[in-house]
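This report concerns the open and enclosed spaces of a protein model, together with selected contacts between its parts. Please consult the sequence and the structure shown here while reading.

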Amino acid sequence: MKILANEGQLVRATSMTWQQHLKSAIRDAETLRKALGLPPALGDLLAIEKSFGTFVPIPFLERIEPENVDDPLLRQVLPTIAEGFSSPHSSLDPNSESQMVMAPGVLQKYPGRVLLIAAKSCAVNCRYCFRRAFPYESGPTSRGEWSESLAAITADPSIEEVILSGGDPLINLDDVLAWLIGELSGIGHVRRLRIHTRFPIVIPQRVTDQFVEVLAECQMPITFVVHVNHAQELDDNVAQAMNRLRSIPQLVLLNQSVLLRGVNDSVASLTALSWRLLELGIVPYYLHQLDRVTGADHFEVTRDEGLKLIAALRESLPGYAVPRYAEEIAGERSKVVLA
């Protein structure tokens, strides 16, 4: 399948570097619709895209079925007029992260671990993102700016795990990631590293030889958490990337999904996702209840519906294939496992 990039040329996902895929990504809803042969948008999306832009790289786009407005991957990335409506229970900061800042770019939600904001942007703009309004401009994302963040982590001996997040930490170049991981490895009480990323799913070309080498040289155990919501996201290129990551001895691969209306809110879709993840050596770890961020109300599946889905999965899948159904509640000392 050929995809129309925003330069107006037909390109394919093959033989391009991950940096080239970022540059050639589709950046507005109208181009996305034309590329997939979809009907015009219902309503004016300019205001919505101004607050949270469209960003869809071609490797992800090529997995979307053309002319199908209900495609589960399309629903995750295509802006809609529904984003302009918000309910009283939604918030720009649904997890109260603004109250959890212990140092610039460092959030502490739970005891013993901190989250380091290592990037301001992602490989794709997911329309349900709970950080779509996060004030990235106020945080550090470079070697010089991270000094205060690293100093704060060093000063707190209770911190045993650092989670690289963002944005997406893999948007950094490999030498920057190598430096950052090296700095964290040098902090004696930091024993574990976790990386949360969607990059190898959206742009599998990001898993380069150099990147694999950076992770392989890390002295700490690495929990590598990818974000996949639907089995259709896991094509052969992603499978190859996951296989390369699995070659790293100290690395464990987990997946977290978000329960999304119209994307994966059925027993069939969740079953297919779990089996495909396991085929690729990825543990289906979490299925998250949607964070109630402003603009994403139309994605919400009720907790009762979610509980019924998990119960049905348990009847048909072995226990290791059923993800934990969990919700993040501000102020709790851990995620709340619903089932």
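The sections below treat the pockets, the cavity, a helix pair and a salt bridge in turn.

The structure is a predicted model.

**Pockets and cavity**

Rolling a probe the size of a water molecule over the atoms shows where empty space is left. The table lists the volume and the lining composition by class for three such spaces.

| Space | Volume | Nonpolar | Polar | Charged |
|---|---|---|---|---|
| Largest pocket | about 1200 Å³ | 21 residues | 15 residues | 12 residues |
| Second largest pocket | about 360 Å³ | 11 residues | 2 residues | 4 residues |
| Largest cavity | about 70 Å³ | 9 residues | 3 residues | no residues |

The largest pocket is lined by 48 residues. Those that lie nearest its centre are Phe130, Arg131, Ser165, His196 and Gln256. Several strands give two or more residues each to this lining: E4 (106–110), E5 (113–117), E6 (161–165), E7 (192–197), E8 (222–227), E9 (251–258) and E10 (283–288). Strand E9 provides the largest share, with 4 residues.

The second largest pocket has a lining of 17 residues. Nearest the centre of this pocket lie Arg33, Val69, Arg75, Leu78 and Thr80. Its lining includes 11 nonpolar residues, beside 2 polar and 4 charged ones.

The structure holds 1 cavity of 30 Å³ or more. Residues lining the largest cavity include Asn255, Ser257 and Ser274, together with Leu270, Leu273, Leu277, Tyr285 and Tyr286. Pro284, Leu287, Leu313 and Pro323 also belong to the lining of this cavity. At least two lining residues come from each of strand E9, helix H11 (267–279) and strand E10. Strands E9 and E10 are also among the elements that give two or more residues to the lining of the largest pocket. No charged residues occur in the lining of the largest cavity.

**Helices H7 and H9**

The axes of helix H7 (residues 174–185) and helix H9 (residues 209–216) come within 10 Å and cross at roughly 5 degrees. The two helices are therefore roughly parallel to each other. On the H7 side, the contact is made by Asp174, Asp175, Leu177, Ala178 and Ile181. Helix H9 contributes Gln210, Phe211, Val214 and Leu215 to the contact. By class, this contact has 6 nonpolar, 1 polar and 2 charged residues.

**Salt bridges**

The structure holds 19 salt bridges. One of them joins the side chains of Arg143 and Asp175, at 3.7 Å from N to O. Arg143 lies in the loop between strand E5 and helix H6 (147–154), whereas Asp175 lies in helix H7, so the pair ties together parts that are 32 residues apart in sequence. Asp175 is also one of the H7 residues that make the contact with helix H9.

Methods: Residues are numbered from 1 along each chain as its sequence is written. This is a predicted model: local features need pLDDT of at least 70, side-chain atom pairs count only at pLDDT 80 or more; totals for chains, interfaces and linings use all residues. Side-chain values use heavy atoms; hydrogens and water are left out. On a 1 Å grid over the protein atoms alone, a cavity is a set of points where a 1.4 Å probe fits but cannot get out, and a pocket is an open set with protein on both sides within 12 Å along at least five of seven lines; lining residues have an atom within 4 Å of a point. Grid points are joined across faces, edges and corners, and a volume is the space filled by probe spheres set on the points. Ala, Val, Leu, Ile, Met, Phe, Trp, Tyr, Cys and Pro count as nonpolar, Asp, Glu, Lys and Arg as charged, and the others, Gly among them, as polar. Axes are lines fitted to C-alpha atoms, for helices over the stretch in contact, and angles run from 0 to 180 degrees between N-to-C directions. Angles under 35 degrees count as roughly parallel, over 145 as roughly antiparallel, 65 to 115 as roughly perpendicular and the rest as oblique. Contact means heavy atoms within 4.5 Å. A salt bridge is a side-chain nitrogen of Lys or Arg within 4 Å of a carboxyl oxygen of Asp or Glu.
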